[in-house]
Amino acid sequence: MPSNTDFLLAIEDLTVSFDGFKAVDDLTLYVDKGELRVIIGPNGAGKTTVLDLISGKTKSSAGSIRYNNKEITKMREHEIVRLGIGRKFQTPSIYDKLTVFENLEISYPQGRSINGSLGFKRTDKVVKRILEVAEEIFLIDLLDLEAELLSHGQKQWLEIGMLLVQDPELVMLDEPVAGMTAKERDETAILLKKMAKERSVIIIEHDMDFVAKIADRVTVLHLGKILKEGTMEEVQSDPTVKEVYLGH
Ligand code: ADP
Ligand code: MG
């Protein structure tokens, strides 16, 4: 048994092979409570696969992932969600025909099912939480709008909101600002920094200007391994990082 850790997330010696190809190769990565960590790296570096492993979507070939000192490596996806790990994929998956409010409502734990099952009470507590989150994701004035009418950026925010109503302790976002306008990116930076005050956040991002705005620490992944870890300045001034990533 590994010794106890104060880290929220402790990934040690993690490897996954796809037909002999190691997409993640002996990776060790620690995330603190309350940290906002950005993972960058060229296409195919293994970034999304790391999130797949943490969320239980992909099972590792070797190594361990501990969350609050609990071994989650072999747990199923819904069990991992229940422990407080929320994950947003690259493409938004919201319910187009439901309103902003309803999308947030069905994401509430023990909330209404997609078919609107009876028995679910729209209690004051639920409504209060939905309004708090809607405010945070800049959609408080659009609660009654059908989700399909939102802009691309607003849809991304809504999906982040659908995670936030569940109050996860760790949120993982895969390229959240892809396709957003410059203004939406700035607003998203504010949103993410605010989010990270109450929880840990792991973000995969390509846009370096955006990373510079939000990151405490940056991890550069390359060929399934950590190439460099540090502040944005440290990472950007590293010659190897420049060579494999920032150069182009
Ligand atoms: P990134 O997100 O950094 O661009 P990915 O984690 O998506 O990279 O992919 C890393 C490598 O692993 C790529 O070469 C990709 O083709 C491969 N890969 C990812 N998932 C699978 C899978 N389920 N089966 C086979 N190969 C995969
Ligand atoms: Mg990816």
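1. Start with ligand 1 and Ala 45. In this predicted model, a polar backbone atom of Ala 45 sits 3.1 Å from an oxygen atom of ligand 1. Gly 44 makes a backbone approach as well: one of its N or O atoms lies 2.8 Å from a ligand oxygen. For Gly 46, the distance from a backbone N or O atom to an oxygen atom of ligand 1 is 3.0 Å.

2. How much of ligand 1 does the protein cover? Of the 560 Å² of accessible area that ligand 1 has on its own, 58% is covered by the protein.

3. Which elements give two or more residues to the shell around ligand 1? They are S2 and H1. H1 supplies the largest share, three residues. H1 runs over residues 47–54, and Lys 47, Thr 48 and Thr 49 are among the residues around the ligand. S2 spans 21–31. Phe 21 and Ala 23 also appear in the shell.

4. The rest of the shell includes Phe 18, Pro 42 and Asn 43, along with Gly 44, Ala 45 and Gly 46. By residue class, the shell has five nonpolar, five polar and one charged.

5. Now the sheet that carries S2. It is open, has four strands and runs S2-S1-S4-S5, with antiparallel pairing. S2 and S5 (70–71) are the edge strands, and each pairs on one side only. Helix H1 packs on this sheet and touches S1, S2 and S4. The direction of H1 makes about 115° with that of S1. H1 therefore has two roles to check in the view: it packs on the sheet, and it gives residues to the ligand shell.

6. Look next at the S1–S4 pairing. Residues 9–18 form S1 and residues 62–67 form S4; five bridges join them in the antiparallel sense. One landmark is Ala 10, whose bridge partner in S4 is Arg 66.

7. There is also an open sheet of six strands. Its order is S6-S7-S8-S3-S9-S10, and the pairing is mixed. The edges are S6 (85–88) and S10 (225–230), each pairing on one side only. From one strand to the next, the twist averages 20°.

8. Within the six-stranded sheet, S3 (residues 36–40) and S8 (residues 200–204) run parallel and are joined by four bridges. Leu 36 has Val 201 as its bridge partner in S8. Helix H5, residues 152–164, packs on this sheet. H5 touches S6 and S7 (170–174), and its direction makes about 165° with that of S6.

Definitions and conventions:
Residues are numbered from 1 along each chain as its sequence is written. Chains are lettered from A and ligands numbered from 1 in the order in which they are written. This is a predicted model: local features need pLDDT of at least 70, side-chain atom pairs count only at pLDDT 80 or more; totals for chains, interfaces and linings use all residues. Side-chain values use heavy atoms; hydrogens and water are left out. Two strands pair if DSSP finds at least two bridges between them. Contact means heavy atoms within 4.5 Å. Axes are lines fitted to C-alpha atoms, for helices over the stretch in contact, and angles run from 0 to 180 degrees between N-to-C directions. A residue is near a molecule or strand if one of its heavy atoms lies within 4 Å of it. A polar contact is a pair of N or O atoms within 3.5 Å; within protein, one must be able to donate a hydrogen and the other to accept it, and residues adjacent in sequence count only if both atoms are side-chain atoms. Accessible areas come from the Shrake-Rupley method with a 1.4 Å probe; for residues, only the protein chains shown count as cover. Ala, Val, Leu, Ile, Met, Phe, Trp, Tyr, Cys and Pro count as nonpolar, Asp, Glu, Lys and Arg as charged, and the others, Gly among them, as polar.
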